[in-house]
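Biologist: Hello! I am new to this one, and I would like to learn how to read it step by step. Could you show it to me before we start?

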Amino acid sequence: MRIALWLAVGAVVLVPIAAVVSIGLGGNHIQELLDAGIVDAAVNSLVSAGASAFFAVVAAVAMVLVLDRTDLPGRTALRLILLSPLLIPPFVGAIAWTGLLGPSGVINKFWTSRVGAPLWDIYGGDGVIFLLTIHSYPLAYLIMAAAARRIPGDLEEAARMAGASPRRALTDVTLPLLRTAGVASFTLVAVSNLADFGIPALVGLPDRYVTLSTMVYRFIQSGTVAKPLEVVSTIGIVLLLLAVAAVAVDRLLSRRASHIDGPTTATQRITLGRSHIPAAAAAWLLALAVTALPILALATQALLPAPGVPFTWDNLTLDSIIGAVTAPGTLVGIQNSVFLALGAAVICGLVGLALAVLTTRTKSCDNVGLDLVAMLPQAIPGLVIAVGWLIVGRYTGLFDTRWVILCAYVMAFLAIVVQAVRAPLRATPIAFEEVARSSGASPIRALYDVSWKLAVPAAVTGGVLVALTAVRELTMSVLLVAPGTQTLGVSIFNLQQAGDYNAAAALSLLVALVGIAGLGLVAGVTDRKKVP
């Protein structure tokens with residue numbers, strides 16, 4: 001089994017990366033890329049990824065302080081609402097926000113009718129940073145909140161006994177200890193946003209704001225260069241180096257940071273006093289503006305027959321939703337997305353389960369290497385993965401088929417299952433297997449009957465997460481699709497690019513609602529399993 005797993009992860013993970021590096025280094029396209037404006041695209045990518053990561057971490061810290069450390073009324077419900085952007089694909093969020101703050105968006109039209117000028121045009125670099133921040137702060141919050149829960153409350157208590165006020169103890173004791181988690185959040189978000197395609201394409205390109213991801217898409221789709229794979233592989237190497245540099249800096253800073261070990265005690269919440277009602281009102285207003293307003297904008301666009309039509313009861317119709325769902329391109333997209341999502345879920349579930357069981361419950365010198373290879377795609381932008389499989393697909397006969405997209409999905413999402421399985425296995429005492437062996441079971445039988453079977457539910461949960469993530473994927477799909485293999489995300493993107501905004505909004509609304517319901521169901525099942 002160990003040899004089979006090495007062959008599997010080597011073929012799915014290492015071969016595409018090696019293909020990108022070898023093809024990119026094989027051709028000299030530096031001058032060609034400089035003429036095409038790669039410097040501006042790289043600067044735009046770094047600025048948008050860095051700024052959005054910074055603002056996401058700032059928002060996450062504010063959420064931790066307000067929701068986790070004060071007695072704000074309704075903070076549990078508020079936390080769930082503020083985390084909802086994590087459940088909506090970024091490109092769907094971009095479509096929703098353009099319906100609000102585009103030149104003919106609802107908010108801008110309302111503002112123009114009263115002030116005489118639009119409030120803000122979301123198209124451009126500032127819009128890209130804003131939307132990347134909106135879809136990144138929930139991930140940063142989850143990391144920061146987990147780190148905050150590990151800080152013993154005794155430290156703040158000691159500061160308060162020394163005369164510090166609750167706010168002074170919070171800023172002088174707790175916030176400095178969150179610095180490591182802040183760096184980790186910044187790195188993770190920045191690497192993720194570095195190669196995001198949907199938001200820069202839908203919000204940046206209309207204002208000629210080009211990033212590395214949109215430049216790769218242009219080279220692949222337009223055919224303006226003689227050897228597009230060599231050219232985009234060079235860009236892939238740049239993205240790979242940036243991601244590796246970010247992860248290396250993160251690891252270096254983490255090693256230098258101080259860690260607190262030992263039992264954690266509950267911290268005392270800060271009482272807001274008379275300001276708790278205004279603070280709660282402001283927090284709810286902000287949360288609904290960030291989360292509910294875009295969904296309402298999608299629903300509004302989906303229920304109107306055309307952009308600019310007044311929102312009245314007489315104008316409401318389901319024609320856009322019915323037309324979008326029954327269109328031939330959409331049906332093909334749904335079929336392909338369901339096939340790819342289920343295929344990725346099954347393969348990642350089986351391979352991830354085997355990998356996690358083998359590397360967690362056995363002692364072998366290559367466990368660390370196997371684990372690193374399996375987790376490596378987490379630090380690689382999806383764009384590099386897509387370019388790698390574009391190259392591999394040409395040499396293996398997979399090019400322009402659904403199988404090459406499936407391979408890319410497996411590479412990108414395998415780590416989700418490995419992480420999901422590893423956590424419960426580490427919490428299971430090894431003594432269970434020793435008891436099975438003392439009863440006469442062989443080592444393989446004990447491993448299968450105890451660890452494997454105990455980890456199956458976690459693998460199923462990880463597989464469901466893979467399916468829900470894959471069915472909404474765009475960045476890799478948009479580069480790998482061919483006629484007849486388009487996915488649901490690509491169908492929505494094509495509708496938006498073709499100017500059929502109402503149909504794109506209708507499909508986006510359905511994808512968002514299905515995603516929220518599916519991930520909410522997974523979260524609910526997971527929470528129930530945690531209840532003793």
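Biologist: How many helices and strands are there in the protein chain?

Modeller: A good place to begin is the list of elements. The protein chain has 25 helices and 0 strands. Please keep in mind that this is a predicted model.

Biologist: How compact is the protein chain?

Modeller: For that we compare the radius of gyration with a rule for globules. The protein chain has a radius of gyration of 24 Å, close to the 24 Å from the globule rule for 532 residues, so it is as compact as a globular protein of that length. Its C-alpha trace spans about 75 × 70 × 45 Å along the principal axes.

Biologist: What share of the contacts joins residues at least 24 apart?

Modeller: Here we look at pairs at least 6 apart in sequence. Of the contacts between such residues, 79% join residues at least 24 apart.

Biologist: And what should I know about burial and surface: what percentage of the residues is buried?

Modeller: Buried residues account for 47% of the 532 residues. The protein chain exposes about 25000 Å², and carbon and sulfur atoms supply 67% of that area. For charges, we can compare mean positions: those of the 33 positive and 27 negative charges are 8 Å apart.

Biologist: Which elements have the lowest and the highest mean pLDDT?

Modeller: With a predicted model, it helps to check the confidence values. The mean pLDDT of the protein chain is 83, and 94% of its residues reach 70 or more. Among the elements, helix α25 (residues 501–530) has the lowest mean, 72, while α7 has the highest, 95.

Biologist: Let us go to single residues. Is histidine 135 buried or exposed?

Modeller: The idea is to compare the relative accessible area with a cut-off. Histidine 135 has a relative accessible area of 14%, and buried means under 20%, so histidine 135 is buried. This residue lies in the loop between α7 (125–134) and α8 (137–149).

Biologist: Which residues is histidine 135 in contact with, leaving aside its neighbours within four places in sequence?

Modeller: Histidine 135 is in contact with Pro85, Ile88, Pro89, Pro90, Gly93 and Ile199.

Biologist: Where is leucine 406, and what does it touch?

Modeller: Leucine 406 is in helix α20. This leucine is buried, with a relative accessible area of 7%. Not counting residues up to four places away in sequence, leucine 406 touches Leu340, Gly343, Ala344 and Ile347.

Biologist: How do I read distance along the sequence against distance in space? For instance, how far apart are threonine 171 and leucine 65?

Modeller: We set the two separations side by side. Threonine 171 and leucine 65 are 106 residues apart in sequence and 9.9 Å apart in space, C-alpha to C-alpha. Threonine 171 lies in helix α10 (residues 166–177) and counts as partly exposed at 40% relative accessibility. Another pair to try is glycine 499 and serine 442: they are 57 residues apart in sequence and 64 Å apart in space, again C-alpha to C-alpha. Glycine 499 sits in the loop between α24 (488–497) and α25, and is partly exposed at 36% relative accessibility.

Biologist: What is phi of arginine 208?

Modeller: For this we turn to the backbone. Phi of arginine 208 is near 60°, a positive value in a residue other than glycine. Arginine 208 is in the loop between α12 (198–204) and α13 (212–222), where its relative accessible area of 76% makes it exposed.

Biologist: And what is phi of aspartate 400?

Modeller: Aspartate 400 has a positive phi of about 65°, although it is not a glycine. Aspartate 400 lies in the loop between α19 (382–396) and α20 (402–426), and at 40% relative accessibility it counts as partly exposed.

Biologist: Thank you, that gives me a way to begin.

Note on methods
Residues numbered from 1 in each chain as written. Predicted model: local features only at pLDDT ≥ 70, side-chain atom pairs only at ≥ 80, totals over all residues. Heavy atoms only, no water. Helix = DSSP H or I, 4+ residues; strand = E, 2+ residues; numbered from the N terminus. Buried < 20%, exposed > 50% of the residue type's maximum accessible area, 1.4 Å probe, protein only. Contact = heavy atoms within 4.5 Å. Rg over C-alpha atoms; globule rule 2.2 N^0.38 Å. Areas by Shrake-Rupley, 256 points an atom, 1.4 Å probe, with all protein chains shown as cover. Lys, Arg positive; Asp, Glu negative; His and termini not counted. Charge placed at Lys NZ, Arg CZ, Asp CG, Glu CD. pLDDT = per-residue confidence, 0-100.
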